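Here's a quick look at a structure, with the spotlight on helix packing and a ligand site. Have the view open while you read.

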Amino acid sequence: MIRLHDVHKDYAFGERRVTACDVGDLRIEAGEQVALVGRSGTGKTTLLHILAGILRPDRGEVEVVGARIDRMSEAARDRHRGRHIGMVYQTFNLLQPFSALENVLLGALFGRGAGGEAKSRAETLLQRVGLGDRLHHRPSELSVGQVQRVAICRALVNDPELILMDEPLGNQDRTTGVQVLDLLLQMARDGNKTVVMVTHDPESAKRMQRTVELETLRRPA
Ligand SMILES: Nc1ncnc2c1ncn2[C@@H]1O[C@H](COP(=O)(O)OP(=O)(O)O)[C@@H](O)[C@H]1O
Ligand SMILES: [Mg+2]
């Protein structure tokens, strides 16, 4: 499902360079549920964005859902992400003027299409996470936990093979957060989906099958 080799990404500030990602080898098989852990600033978000095809590394091989995305143009990576990958961003990135249902449908627009069938799929997903009575609320009218659940529905609406999540339980009460995570992991298992989740919460990491420490992936200097 995922294979990385010698992947590197730097940011330059004048003379100074900051290494944002440095991964020797990483393999994740189809259907695995993996926690990606590491201290703040170790490059977890950068790596997730490389897997999603939002960022292209300076060098290295990136194979995701059967395609070498490091060789693709930005437009091709965007299409690949729309078809195969569901992303839950660290800051959720819902669009404020739109309702919960519309936000989920916007996800479908960039994937399988937002026709009539997508609407019933979006409604079913929102009902499954307990938001059946919040379909027409805007993000500002929802709690953080509810916004997170909308973001998860948007990530799932295209029935992606791969789900990427960036500290999805970052700032909400643990009980709700862990319940939502368990629901997502169950849905992922039912659909044999692969899940990669960045987290600093040991309780969430324990729910995954495997934990990868980002710092151990660095190539020896
Ligand atoms: N757009 C950017 N421009 C410059 N530096 C960045 C940018 N994004 C990340 N970095 C730097 O790269 C490193 C890794 O960042 P990040 O992937 O966000 O880490 P994490 O998610 O593990 O906290 C940090 O040192 C950060 O300052
Ligand atoms: Mg981060």
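What follows is a short tour of two helix contacts and the surroundings of one ligand.

## What we're looking at

Bear in mind that this is a predicted model. For the helices, the description comes down to two things: packed pairs are described by the angle between their axes and the distance between those axes.

## H3 against H4

Start with helix H3, which covers residues 100–109, and helix H4, which covers residues 116–128. Their axes sit 9 Å apart, and the packing angle is about 125°. That angle falls between the 115 and 145 degree cut-offs, so the pair counts as oblique. As for handedness, H3 and H4 make a right-handed crossing.

Who's doing the touching? On the H3 side, it's Ala100, Leu101, Val104, Leu105 and Ala108, while H4 brings Ala118, Lys119, Ala122, Glu123 and Leu126. By character, the residues of this contact split into 8 nonpolar and 2 charged, with no polar ones.

## H3 against H5

H3 also packs with helix H5, made up of residues 144–156. Here the axes come within 7 Å and cross at roughly 30°. An angle under 35 degrees counts as roughly parallel, and that's why H3 and H5 get that label. The crossing of H3 with H5 is right-handed.

From H3, the contact uses Ala100, Asn103, Val104 and Gly107; from H5, it uses Val150, Cys153 and Arg154. This contact of H3 with H5 divides into 4 nonpolar residues, 2 polar and 1 charged. Ala100 and Val104 are worth a click: they appear in the contact with H4 and again in the contact with H5.

## Around ligand 1

Now over to the ligand. The residues around ligand 1 include a run from Arg39 through Ser40, Gly41, Thr42, Gly43, Lys44 and Thr45 to Thr46. Tyr11, Phe13, Val18 and Ala20 are around ligand 1 as well.

Which atoms pair up with the ligand's oxygens? A polar backbone atom of Thr42 lies 3.3 Å from an oxygen atom of ligand 1. For Gly43, a polar backbone atom is 3.0 Å from a ligand oxygen. With Thr46 it's the side chain: one of its N or O atoms is 2.6 Å from an oxygen atom of ligand 1.

Terms used:
Residues are numbered from 1 along each chain as its sequence is written. Chains are lettered from A and ligands numbered from 1 in the order in which they are written. This is a predicted model: local features need pLDDT of at least 70, side-chain atom pairs count only at pLDDT 80 or more; totals for chains, interfaces and linings use all residues. Side-chain values use heavy atoms; hydrogens and water are left out. Axes are lines fitted to C-alpha atoms, for helices over the stretch in contact, and angles run from 0 to 180 degrees between N-to-C directions. Helices (H or I, at least four residues) and strands (E, at least two) are DSSP runs, numbered from the N terminus. Angles under 35 degrees count as roughly parallel, over 145 as roughly antiparallel, 65 to 115 as roughly perpendicular and the rest as oblique. A crossing is left-handed if the near helix is turned anticlockwise from the far one by less than a right angle, and right-handed if clockwise. Contact means heavy atoms within 4.5 Å. Ala, Val, Leu, Ile, Met, Phe, Trp, Tyr, Cys and Pro count as nonpolar, Asp, Glu, Lys and Arg as charged, and the others, Gly among them, as polar. A residue is near a molecule or strand if one of its heavy atoms lies within 4 Å of it. A polar contact is a pair of N or O atoms within 3.5 Å; within protein, one must be able to donate a hydrogen and the other to accept it, and residues adjacent in sequence count only if both atoms are side-chain atoms.
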